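Open your viewer, switch to a cartoon representation, and keep the selection box handy. We will walk through the model one stop at a time.

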Amino acid sequence: MYSSFEAERYHVVCRECPLERLCDAPTDAEVLGQGHVADTGHRVAVERIA
């Protein structure tokens with residue numbers, strides 16, 4: 001039986017290097033994005049995609 005519930009997904013992408021990831025939890029995506037910014041100073045986008 002299939003559930004009508006569809007999991008949320010979050011896309012994390014750096015605008016200045018090859019970093020690009022999908023995360024299932026918003027907190028994971030934010031931590032990844034903020035950590036990358038703190039480590040590199042790059043511009044990072046985090047968006048809900050599903």
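The tour below goes from the overall fold to the sheet, the helix and the charged pairs.

**Stop 1: the whole chain**

Before selecting anything, bear in mind that this is a predicted model. Colour by secondary structure and you should find one helix and three strands. Follow the chain from its start and the elements come in the pattern β-β-α-β. Now colour by relative accessibility: of the 50 residues in the chain, 20% are buried. If you like contact maps, take the contacts between residues at least 6 apart in sequence; 46% of them join residues at least 24 apart.

**Stop 2: the sheet**

Select the three strands together. In which order do they lie in the sheet? The order is 2-1-3, in an open sheet with antiparallel pairing. Strand 2 and strand 3 are the edge strands, each of them pairing on one side only. Turn the view to look across the strands, and you can follow a twist that averages 15° from one strand to the next.

Now narrow the selection to strand 1 (10-14) and strand 2 (20-23). These two run antiparallel and are joined by four bridges. For one example, pick His-11, whose bridge partner in strand 2 is Leu-22. Between the two strands, the chain makes a hairpin through five residues.

Next, keep strand 1 and swap strand 2 for strand 3 (44-48). Here too the pairing is antiparallel, this time over five bridges. Click on Val-12 and look across to strand 3, where Val-46 is its bridge partner.

Is strand 1 largely enclosed or open to the outside? Show its surface exposure: four of its five residues are buried, so strand 1 is largely enclosed by the rest of the structure.

**Stop 3: the helix**

Select residues 26-40, which make up helix 1. A quick ruler check works well here. At 1.5 Å a residue, 15 residues should span 21 Å, and the C-alpha atoms at the two ends are indeed 21 Å apart.

Which residues of helix 1 are buried? Show the side chains where there are any: the buried ones are Ala-29, Gly-33 and His-36. Look down the axis of helix 1 and these buried residues fall within an arc of 65°, so they line one face. The spacing has a simple background: an α-helix has 3.6 residues a turn, so residues three or four places apart point the same way.

What does that face pack against? The buried residues of helix 1 pack against strand 1, strand 2 and strand 3. Rotate to the other side of helix 1 and select Thr-27, Val-31, Gln-34, Ala-38 and Asp-39, which are exposed. Before leaving, step just past the end of helix 1 to Gly-41, which has a positive phi, near 80°.

**Stop 4: the salt bridges**

Switch to sticks for the charged side chains. How many salt bridges does the structure hold? There are three, and each is worth a separate selection.

Start with Arg-48 and Glu-8, whose side chains meet at 3.5 Å, N to O. Arg-48 sits in strand 3 and Glu-8 in the segment before strand 1, so this salt bridge ties together parts 40 residues apart in sequence. Arg-48 counts as exposed at 53% relative accessibility, while Glu-8 is partly exposed, with a relative accessible area of 32%.

Move on to Asp-24 and Arg-9, where the closest N and O atoms are 2.9 Å apart. Asp-24 belongs to the loop between strand 2 and helix 1, and Arg-9 to the segment before strand 1, so the pair links parts that are 15 residues apart in sequence. Asp-24 is exposed at 54% relative accessibility, and Arg-9 is partly exposed at 31%.

Finish with Glu-16 and Arg-43, a salt bridge with its closest N and O atoms 3.3 Å apart. This one connects two loops: Glu-16 lies in the loop between strand 1 and strand 2, Arg-43 in the loop between helix 1 and strand 3, so the pair ties together parts 27 residues apart in sequence. Glu-16 is partly exposed, with a relative accessible area of 41%, and Arg-43 is exposed at 53%.

Key. Residues are numbered from 1 along each chain as its sequence is written. This is a predicted model: local features need pLDDT of at least 70, side-chain atom pairs count only at pLDDT 80 or more; totals for chains, interfaces and linings use all residues. Side-chain values use heavy atoms; hydrogens and water are left out. The expected span of a helix is 1.5 Å times one less than its number of residues. Buried means under 20% relative accessible area, exposed over 50%, partly exposed in between (1.4 Å probe, protein chains only). The arc is that of the directions from the helix axis to the C-beta atoms. Contact means heavy atoms within 4.5 Å. A salt bridge is a side-chain nitrogen of Lys or Arg within 4 Å of a carboxyl oxygen of Asp or Glu. Two strands pair if DSSP finds at least two bridges between them. Axes are lines fitted to C-alpha atoms, for helices over the stretch in contact, and angles run from 0 to 180 degrees between N-to-C directions.
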